[in-house]
Amino acid sequence: MNLLTVENISKSYGELVLFSNISFGINKDQKIALIAKNGSGKTSILNIISGKDTSETGQVTTRRGIKISFLEQEPNLNPNFTIEETILSTDNEILKVIAQYEKAVLNPDDASQYQQAFEAMEQHNAWDFETQYKQILFKLQLTDLNAKVGTLSGGQKKRLALANALLNKPDLLILDEPTNHLDLEMIEWLEAYFSKENITLFMVTHDRYFLDRVCNEIIELDNNQLYSYKGNYTYFLREKEARSEREAVEQHKSKLLYKKELDWIRRQPKARTTKSKSRIDDFKEIKQKAHQRRKEHEVQLELNMERLGSKILELHNISKSYGDKPILEKFDYNFTKGDRIGIIGQNGTGKSTFLNIITQQEGIDGGKVVVGDTIKFGYYTQKGIRVKEGQKVIDVIREFGDYIPLKKGKQISAQQLLERFLFDRKKQYDFVEKLSGGERKRLYLCTVLIQNPNFLILDEPTNDLDIVTLNVLESFLLDFPGCLIVVSHDRYFMDKIVDHLFVFKGEGIIEDFPGNYSDYRAYESSKIAQEREIKSNAPNKSEKPSWKEKDNNRKLSYQEQKEHKQLEKDIQKLEEQKEELQNSFSNPDLTGEEIDQLSIDLKEISESIEKKTERWFELSSILEGQ
């Protein structure tokens, strides 16, 4: 069932054309992500389809009666309301149902009105609405329901707007960077929420794991062309690479044909036949295809950074607290060459404070911070770039110099650096205030890197960066020879870049973990499973003894022996089916629906294997005691 249709919409600002005449549709139960470079107009597209903005051409048609919610990057909330008042003041259908019920209770003589109101409460599951919104707010760490919106941080306001959008239970939910300002635990909760809720999604996000686990279709806007991929992010990457290869072959053929037609054009006399004119028109189209340039760049900077000495950065028993809230408790660590450390933890546990302490922008209560003589920090903070009125992009970089030294005596100009970070020559002379949020972040990143640091500190560098820029940044960081500290909620980025974690647990506790984010999650999952097993094995007189505690003198019956042998065969067969299913995911022709079904089948088989294996162990234990 079609919910929304976009036909030939366009948007431009003066001479800058963001997109023109693009069309697509959104159907019920689709979970679509829009991918494009920063500055391509992703947010403008969301504003147009949500009704907050208008298109210069075409139209947006929505199905009659559907409810749409839009989570903006910077939501507009009443600063005088409390968190709870904000939830209760929205145009939520359930709130209307509750109001009608309360009205009916006050008028007990009208039995028909009361019956209708009661049935509406049942239909909308409105009895538990208070519990629902409190659960969601607590998951998003908005625990003080009486806090005024005006006192909240930008991240807290975004999370409150997200809670509102989820509670509205719309037919179509439009999301602009929903994982920004969410910590890793919140993101994983949101993934689980979307996987179990029957909700249609259209979103812009740079979180590639989120794309992989939530979305079943990707729409890519590239050079004003829309490309649709019926699958998740992994499928998109595979198909995009295949498409790029096909386009490269076609472009090569076009160039060969162009040369051939150019020779023909030069040989022709001034008088043209009708057939010749047709061929000339075709020639113009061939020429356009042959000369089409794709503005895709990869960063491959070999910076000639200052050598790291034997002493880099030493933290000796450092402690820090704000009032009664401890941030660090006698933390020790000596950095060595090549350290690539990621920092994770819930919001408010002191991650940014830790970075400020390292860079000596903030003092400590106890301990000592020792910085090596050769260390030159490059610190990318969440504050971003300071925009000066009338300043152009190239001027921002030139404040730090016209050239950067590279290895082997080479150098790179400020213009070349900007080109490598996806600012073409025309864009370099745009005013900074005209840049999108993501483009400003990219420019700020350039100002940090041009200073040629040997110890790079990045605090949430992935916020507002598009996937193309993230790939560029990852390529640079993988080749960066100095020390690196990254705070990020982007799990894909962390897995690719770091090999060591500081896990901020709160209350001054920091866990030093040797591995990346996925390693840590696997470790945590195994710990939880181990704790459950220990708990289940603990003797409890009020419960019946488990099979592990039963009398070993018991014998297997004939039926149990048959069951034991059959279980071995069943488990082997299921393992083979599981392997076949896992191999099926590599099929490039799979649709999004087929991928979803394979995932469900794989989960069912895994659960069946676990259940049968548990029973096999139970019977084997008795058999060994015979």
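This report walks through a small sheet, the helix that packs on it, and a helix pair elsewhere in the chain.

Keep in mind that this is a predicted model. The protein chain has 626 residues, and buried ones make up 46% of them. DSSP runs give 20 helices and 20 strands in that chain. As for how the chain folds back on itself, take the contacts with a separation of 6 or more: 67% of them join residues 24 or more positions apart.

Let's start with the sheet. It is an open one, built from 3 strands in the order S2-S1-S4, with antiparallel pairing. Strands S2 (16–27) and S4 (59–62) each have a single partner strand, so they sit at the edges and one side of each is left without a neighbour in the sheet. Going from one strand to the next, the twist averages 10°. S1, which covers residues 2–13, pairs with S4 in the antiparallel sense over 4 bridges. If you want a spot to click on, Val6 stands opposite Val60 in S4.

Helix H1 (residues 42–50) packs on this sheet and touches S1, S2 and S4, with its direction at about 50° to that of S2. How much of H1 is covered? Mostly: 7 of its 9 residues are buried. Here they are by name: Lys42, Ser44, Ile45, Leu46, Asn47, Ile48 and Ile49. Right after H1 comes Gly51, with a positive phi near 90°.

Now for the helix pair. Two packed helices are described by the angle between their axes and the distance between the axes. Helices H6 (residues 154–167) and H7 (residues 184–196) pack at an angle of about 15°, and their axes are 13 Å apart. That angle makes H6 and H7 roughly parallel to each other, because anything under 35 degrees counts as such. The crossing of H6 past H7 is left-handed. The table shows who makes the contact.

| Helix | Range | Contact residues |
|---|---|---|
| H6 | residues 154–167 | Arg159, Leu162, Leu166 |
| H7 | residues 184–196 | Met186, Trp189, Leu190, Tyr193, Phe194 |

Sorting the residues of this contact by type gives 7 nonpolar, no polar and 1 charged. The charged one is Arg159 of H6, since Arg counts as charged. The spacing along each helix is also worth a look: an α-helix has 3.6 residues a turn, so residues three or four places apart point the same way. On H6, Leu162 and Leu166 both take part in the contact, and on H7 so do Met186, Leu190 and Phe194.

Notes. Residues are numbered from 1 along each chain as its sequence is written. This is a predicted model: local features need pLDDT of at least 70, side-chain atom pairs count only at pLDDT 80 or more; totals for chains, interfaces and linings use all residues. Side-chain values use heavy atoms; hydrogens and water are left out. Two strands pair if DSSP finds at least two bridges between them. Helices (H or I, at least four residues) and strands (E, at least two) are DSSP runs, numbered from the N terminus. Axes are lines fitted to C-alpha atoms, for helices over the stretch in contact, and angles run from 0 to 180 degrees between N-to-C directions. Contact means heavy atoms within 4.5 Å. Angles under 35 degrees count as roughly parallel, over 145 as roughly antiparallel, 65 to 115 as roughly perpendicular and the rest as oblique. A crossing is left-handed if the near helix is turned anticlockwise from the far one by less than a right angle, and right-handed if clockwise. Buried means under 20% relative accessible area, exposed over 50%, partly exposed in between (1.4 Å probe, protein chains only).
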